[in-house]
Amino acid sequence: MPKVSDLFFKTAIVWLILGIGAGLQMAISGDHGAFPAHAHINLLGWVTSAIFGGYYALNPAKAARRTAMIHYGLYNVGLVVMLPALYLMLHQGYTAIEPVVAVGSLIVAAAVLVFAFVVFSSARERVASGLSTATR
């Protein structure tokens, strides 16, 4: 399995554990005010990361590109910025953190655009020597 796929799958599991933890916290406390953050943790963190990992596993040539690792890093930086801030904003009512949520959201959006570039780009690109093309 390509390294980026493995990283996306492992990170997805971490987000799943965090999402379940947030859900348990809400259930135990009876305060479900942070359910949108819980949904974002599970959907963007767990589900979408796993889908990215699956895409790269099915497309190892594209997974071998540096762009795939840029996508992984950018996406997860965005999630790490956005999701805890969203949870604090909703669960604690800390509205002053909303700009942090916005910045994280923009980083996630940029990472999705990088993924779109990967998906729509050709599977063929020039090798470093420039002498021939190779499938990547």
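**Exercise 1: Placing Ile 20**

Ile 20 has its place in helix α1 (residues 3–29); work out whether Ile 20 is buried, exposed or in between, and find out which surface patch it belongs to.

*Solution.* A quick word on the ground rules first. This is a predicted model, in which local features need pLDDT of at least 70, side-chain atom pairs count only at pLDDT 80 or more, and totals for chains, interfaces and linings use all residues. Residues are numbered from 1 along each chain as its sequence is written, and side-chain values use heavy atoms, with hydrogens and water left out.

Step 1. Get the vocabulary straight: helices (H or I, at least four residues) and strands (E, at least two) are DSSP runs, numbered from the N terminus. Buried means under 20% relative accessible area, exposed means over 50%, and partly exposed is in between, using a 1.4 Å probe and protein chains only.

Step 2. Ile 20 is partly exposed, because its relative accessibility is 47%.

Step 3. Ile 20, Leu 24 and Ile 28 make up a nonpolar surface patch with about 340 Å² of accessible area together. A patch takes residues with over 30% relative accessible area and no salt bridge, joining nonpolar side chains (Val, Leu, Ile, Met, Phe, Trp, Tyr) within 5 Å and like charges within 9 Å. The areas come from the Shrake-Rupley method with a 1.4 Å probe, and for residues only the protein chains shown count as cover.

**Exercise 2: The whole chain**

Say how many helices and strands there are, and in which pattern they follow along the sequence.

*Solution.*

Step 1. Counting gives five helices and two strands.

Step 2. Walking along the sequence, you meet them as α-α-α-α-α-β-β.

Step 3. Now the surface: the chain exposes about 7,500 Å², and 72% of that is supplied by carbon and sulfur atoms. Of the 136 residues, 37% are buried.

Step 4. Take the contacts (heavy atoms within 4.5 Å) with a separation of 6 or more: 68% of them join residues 24 or more positions apart.

**Exercise 3: The salt bridge**

Find which residue forms a salt bridge with Lys 10, and describe where the pair lies.

*Solution.*

Step 1. The rule: a salt bridge is a side-chain nitrogen of Lys or Arg within 4 Å of a carboxyl oxygen of Asp or Glu. Side chains of opposite charge can pair when their charged atoms come close.

Step 2. Asp 6 is the partner of Lys 10, with 2.9 Å between the closest N and O atoms. The structure holds one salt bridge.

Step 3. Both residues lie in helix α1, four residues apart, which is about one turn of the helix.

Step 4. Lys 10 counts as exposed because it has 51% relative accessibility, while Asp 6 is partly exposed because its relative accessible area is 30%.

**Exercise 4: Two helices and their partners**

Check the lengths of α1 and α5, and list which helices their buried residues pack against.

*Solution.*

Step 1. The expected span of a helix is 1.5 Å times one less than its number of residues. With 27 residues, α1 reaches 39 Å from first C-alpha to last, close to the expected 39 Å.

Step 2. Helix α5 (residues 98–120) has 23 residues and reaches 33 Å, close to the 33 Å expected.

Step 3. The buried residues of α1 include Phe 8, Trp 15 and Met 26, and they pack against α2 (35–58), α3 (60–63) and α4 (66–92). In α5, Val 101, Gly 104 and Phe 115 are among those buried; here the packing is against α2, α3 and α4.

Step 4. Just after α1, Gly 30 takes a positive phi of about 80°.

**Exercise 5: Into the core**

Name the residues with the most contacts inside the largest nonpolar core, then look at what Ser 49 touches.

*Solution.*

Step 1. A nonpolar core is a set of buried Ala, Val, Leu, Ile, Met, Phe, Trp, Tyr and Cys residues joined through side-chain atoms within 4.5 Å. The largest one has 29 residues, and Val 4, Phe 8, Tyr 56, Tyr 75, Leu 79 and Met 82 have the most contacts inside it.

Step 2. Two or more residues each come from α1, α2, α4 and α5, and α4 gives the most, with 10 residues.

Step 3. Ser 49 is found in helix α2 and counts as buried because its relative accessibility is 0%. Leaving aside neighbours within four places in sequence, Ser 49 is in contact with Phe 8, Ala 12, Trp 15, Leu 44, Tyr 75 and Leu 79.
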